[in-house]
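Welcome, and please open your viewer. We will take a short walk from stop to stop, with something to select at each one.

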Amino acid sequence: MTMTLVFLLLGILSLVFQSTLFHLLPAWLGRPDLLLLLIIFIALYLDLWRGLFLTLVLGMLADILSGMHLGVYPLVYLLLFLAIRLVSRNLAFQDSIHQVPLVVGSFLLTSIFSHLLASLLGPDGLFFWTWPLLLQNSVILGVICLPFFHFCRQLQLKLHQKPARSFLTFKRRSANRFRV
């Protein structure tokens with residue numbers, strides 16, 4: 001449970017950065033999608049049920065903060081999660097050399113799919129596409145994905161090493177209740 005909570009907090013923190021701090025920066029610096037990086041990491045390194053839960057919750061939080069049509073981000077992120085899980089069965093995406101093309105390709109596909117859904121669900125049906133911004137953000141994600149994955153992997157390993165501490169720790173009594 002602690003790993004789920006830690007990665008949920010990391011996802012919330014990345015959403016806060018994306019929706020507030022990155023918009024204060026100049027546009028030429030780009031606005032990377034840290035939540036997409038986290039979801040790709042979750043799909044690669046966490047188990048299925050924990051990953052599905054985190055992807056759904058983080059997708060719903062991104063949906064609330066985006067202001068787009070409800071359900072677009074959870075659908076896109078769940079499809080991305082399932083596609084990466086299916087593809088990673090036969091390919092070695094845990095190697096760092098394969099993670100950069102995976103991140104860039106996933107970003108481009110999710111951007112295309114989310115823009116297509118938003119344009120189909122919108123009242124005007126217009127399909128706005130900004131290639132320079134899209135390519136800039138894909139390059140930024142390709143550059144920062146390896147340090148981000150390394151940080152998340154080290155966090156995951158630290159959480160596996162420490163036993164969960166509880167406020168109510170009970171010691172198990174021995175079976176022998178009578179002292180001789």
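The tour below visits some aromatic rings, then a helix, then a single residue. Keep in mind that this is a predicted model.

**Stop 1: the aromatic rings**

Begin by selecting Phe41 and Tyr45. Both residues sit in helix α2, which covers residues 34–45. They are four residues apart there, so about one helical turn separates them. Now look at their rings: the centres are 4.7 Å apart and the planes meet at 35°. An angle between 30 and 60 degrees counts as tilted, so this pair is tilted. Phe41 and Tyr45 are both buried.

Next, add Phe7, Phe148 and Phe149 to your selection. Together with Phe41 and Tyr45, they form a cluster linked by ring pairs. Across the whole structure, a search finds six aromatic pairs.

**Stop 2: helix α4**

Select residues 72–87 to bring up helix α4, which has 16 residues. From its first C-alpha to its last, α4 reaches 22 Å, close to the 22 Å expected at 1.5 Å a residue.

Which residues of α4 are buried? Colour Val72, Pro74, Val76, Tyr77, Leu80, Phe81 and Ile84 to see them. Then show α2, α3 (48–66) and α5 (96–121), because these are the helices that the buried residues of α4 pack against.

**Stop 3: Ile140**

Finally, select Ile140 in helix α6, which spans residues 131–161. Show Arg31 as well: the two are 109 residues apart in sequence, yet their C-alpha atoms are 8.3 Å apart in space. Around Ile140 you can also pick out Leu29, Gly30 and Pro32, each of which Ile140 touches.

Note on methods: Residues numbered from 1 in each chain as written. Predicted model: local features only at pLDDT ≥ 70, side-chain atom pairs only at ≥ 80, totals over all residues. Heavy atoms only, no water. Phe/Tyr/Trp six-rings, centres within 6.5 Å; stacked < 30°, edge-to-face > 60°. Helix = DSSP H or I, 4+ residues; strand = E, 2+ residues; numbered from the N terminus. Buried < 20%, exposed > 50% of the residue type's maximum accessible area, 1.4 Å probe, protein only. Expected span 1.5 Å × (residues − 1). Contact = heavy atoms within 4.5 Å. Lists of a residue's contacts leave out its neighbours within four places in sequence.
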